[in-house]
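Biologist: I am new to this structure. Please take a close look at a single part of it, the meeting of the domains within one chain, and then place that part in its wider setting.

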Amino acid sequence: MKMLEYSRVNETLYHETLPNGLQVFILPKSGFSKTYVSFTTRYGSIDNTFIPLGKDEVVRVPDGIAHFLEHKMFEKEDGDVFQKFGMNGASANAFTSFTRTAYLFSATENLYPNTELLLDFVQAPYFTEETVEKEKGIIGQEITMYDDLPDWRSYFGTIENLYKEHPVKIDIAGTVESISKITADHLYECYHTFYHPSNMLVFAVGAVDPEEMMDFIRDNQAGKTFDKPERIVRQFPQEKMESAVKEGSLEMDVSKPKVHVGIKLPALAEEGLEGLKQELAYQILIDLLYGKTSKFYTEAYEEGLIDESFSTDFTAEEGFAFSVIGSDSAKPEELTKKIEDTLQWASEKFPFGQEDLDRQRRRRIGFFMRALNSVEYIANQFTRYAFNGMNLFDTVTALEALEVKDLQRVLVPLTDEKARTVFTVKPPANGG
Amino acid sequence: MFTETRLTQGVRLYVRRTEQFKTLTFSIRFKQPLTAEGASERAVLANILEDSTETYPSRAALRQALETMYGTLYYTDVGKRGGYHYLSFNAECVDDRLIRDEDIADWTIRLLADAVLRPNLQDGVFKAQVFEREKQTVLERVRSLYDDKTRYAQHRLLTLLRPEGPESIRATGEETLLEALTPEKVMEAYRRMIGEDEIEIYVVGAVDEEAITSSLKEAFHFEGRVPAVLPEKAARGTGKEGRISEKQNMKQGKLHIGFSTPVMFGTEDFPKMQLANGIFGGFPHSKLFMNVREKESMAYYAASSYLSRYGLITVSAGIDADLADKATKLIDEQLEAMRAGEITDTELSQTKAMLANQLREALDSSRGQIEIFDQYKDLPGGFTPEGWIAKWEPVTADDIREMAGKIDRQLVYLLSGKEESADENA
């Protein structure tokens, strides 16, 4: 077991790669009563075209299958896994993103029975045609629930229009139609391909003894047999930098229009510290352009173009990156223009200097320290960075190494007009 | 949990010294009886006081200062609990020891004192421009409830159940009352708040209790005040019963059911009712989740909440509107089963373990510590987490059966999509 000390933030991380390829990380936090343990596979909604383990041909599986599989992992021949976590007083959950599926629990008692339950239920698939059919009703209602959420529709409508081919444009849960095609065989095929321990990571954080926990996980894994790890072959379509659709809209029963400007960005160029620096450069630049102290925000708020719902988002995973900026706005066209004008203004003459960078750097260092109070943040973000070849605990080092020219460099793709799309959710024309 | 110091009459300080976090958390809470007028005034007031101060007289200036101080968080908030309305000033800053060269904690206390005591005024009143803009912002927030169909349906349910009670008053105020506000009115509300409200100050983090007490005393000079007392019996109005359906343009049916119960917060039966609600629909192992979702596949979510200050239990489920009657029947059956004593030892022990876990877990954040303590501290006999967990331990299946008998269905509310025109003409 390796021990990694991060003295700037007073944390010590323990790490081991098990013989079956599983990565295990443990971070003890003193003073905490709970332990949060997540078990994550590098498999998400975008992984829909791949060569199944042990086969030669590429298959394309129905949209929404990673999320469907996540749901079905909780049902076993002898009942529902939530019941068992309940017996141990643990609250369990799971989520599926574009690139990951995570299973997790948090508990203040019975740490090892719960850890065993987590490892075992994720490593023992049980799907039948009957249980697969039954789940379609539940997920159908989940999809319908999201269909009624205007903010979600607006955000996803934006991403959908940014991309022509890349599966990031597909809603994570799929559609009622696409999930209707899912079978137990599909689930087994995806499971065997993507749930191999060598494609997965365990993170335990909070009230935990690292030696004991590592021994426990090592023993648990040693008692199971797995196929030999193989490199997973995933296929992604070529995607041009130009956005697929420039403008889109949707009518929904909302009190006020919602507008989002999406910008398609090149995937991060590098892994490691350089990748982290690039990601932080994007985030800081977006803050300087649109954050609460920006010229844009001050004016747009004064002019009533934005309200408290204004938000900026930057997403970067292996193979894709984008930014979405938007707000509820009574004047969506004016707001769009102002968002675009701000990019134009910044590209004419770079408006930010050392002082701006220093202030944002300090803000981000503080934000990172505060985030380390949260065991959920640590486990989820560490896993995300690890799958992208980066280390969450390099954040302060990366921030301190940033220079103004790093911000200038990422401004170029951000201001590419061809890479933009605008999406509006409008109240019904007849007033509803 | 917290060390309590009475600073003057009606002003209390609660400090929790802990090394658990990398930050110091502050919360200053002003408390007054909840009315729609007061809530409206204070929602705007909270926004104005978050915008700027005398020292940092613009939003950008204040936010820049916060960024420079290692991203110190500062925000105001409004909320309600039972018959009271709260306006809180909240801050969280990095522990000085992690940054070395700065005095962030002292700066944060000064900032809070500025925000509370030295607002950004012109001729003794809030600046008209700031006032107008923040009034608009709060109005937008109030109106946006309409866009969130689940929250909207829950609010409709409460309004129909208790039309004149605090249940139906929103902490952010009401549209017509907000429209009528003026800078002078809100200024007057500010003066009353500073002079008359009961005040609770919370601090969590690696602090020296004596030192922090004296710096807070020095930064804030509050006069003594007599805390307002709520009337014995709050007005509720005549609530609706039976079934009410409403239509909007949407896909899913939002089924919200209101049950009334005489078992209130702080009564002897209160911990028993917390367990009963947990078994009914509080967790993924509960009767509602297992039957409405897992067995019948009718919903993605189906859960109950116990609003103990209001004597209400509400159930919400997102369903296909055509199945509303079937879902309502299924939900009734779960309560019936509880009334008939159909509660397994497993259900009981799972729910006890989950409630205990939920409480202990919540205490792993500084805000959680403040929220939980603030919520429970008025219980007869005081509050410790383990002491409270011990109250759930002896509860039996028979107690749950008895509690289920004290839950009465009052109103079934369904918000759903408009009918297709073909159906209407059929």
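Modeller: Two residues are said to be in contact if their C-beta atoms, placed from the backbone, lie within 7 Å. This is a predicted model, in which local features need pLDDT (the predictor's confidence in each residue, from 0 to 100) of at least 70 and side-chain atom pairs count only at pLDDT 80 or more, whereas totals for chains, interfaces and linings use all residues. Residues are numbered from 1 along each chain as its sequence is written, while chains are lettered from A and ligands numbered from 1 in the order in which they are written.

The part chosen is in chain B, which is divided into domain 1 (3-219) and domain 2 (242-425); such bounds come from an automatic or database domain assignment. The centres of these two domains of chain B, taken over C-alpha atoms, are 31 Å apart. Their contact involves 20 residues of domain 1 of chain B and 21 residues of domain 2 of chain B. On the side of domain 1 of chain B, at least two residues each come from β3 (23-33), α6 (149-161) and β8 (198-205) of chain B. Here helices (H or I, at least four residues) and strands (E, at least two) are DSSP runs, numbered from the N terminus. Helix α6(B) supplies the largest share of that side, eight residues. By class, this side of domain 1 of chain B has seven nonpolar, seven polar and six charged residues. Ala, Val, Leu, Ile, Met, Phe, Trp, Tyr, Cys and Pro count as nonpolar, Asp, Glu, Lys and Arg as charged, and the others, Gly among them, as polar.

Chain A offers a parallel case, with domain 1 (2-222) and domain 2 (247-426). The C-alpha centres of these domains of chain A lie 27 Å apart. Their contact takes 34 residues from domain 1 of chain A and 31 residues from domain 2 of chain A. Two or more residues of the domain 1 side are given by each of β2 (11-17), β3 (23-28), β4 (35-41), α5 (150-162) and β11 (200-206) of chain A. Of these, α5(A) gives the most, with 10 residues. The classes on this side of domain 1 of chain A are 17 nonpolar, nine polar and eight charged residues.

The chains also meet each other: 55 residues of chain B are in contact with 53 residues of chain A. On the side of chain B, the largest share, eight residues, comes from α13(B). That side has 17 nonpolar, 20 polar and 18 charged residues.

As for confidence, the predictor gives the complex an ipTM of 0.94 and a pTM of 0.95. Chain B has a mean pLDDT of 94, and 98% of its residues reach 70 or more. Over residues 420-426 of chain B, however, the pLDDT is below 50, and this stretch has one contact in the model beyond near neighbours in sequence. Where pLDDT is low, the predicted coordinates should not be read in detail.
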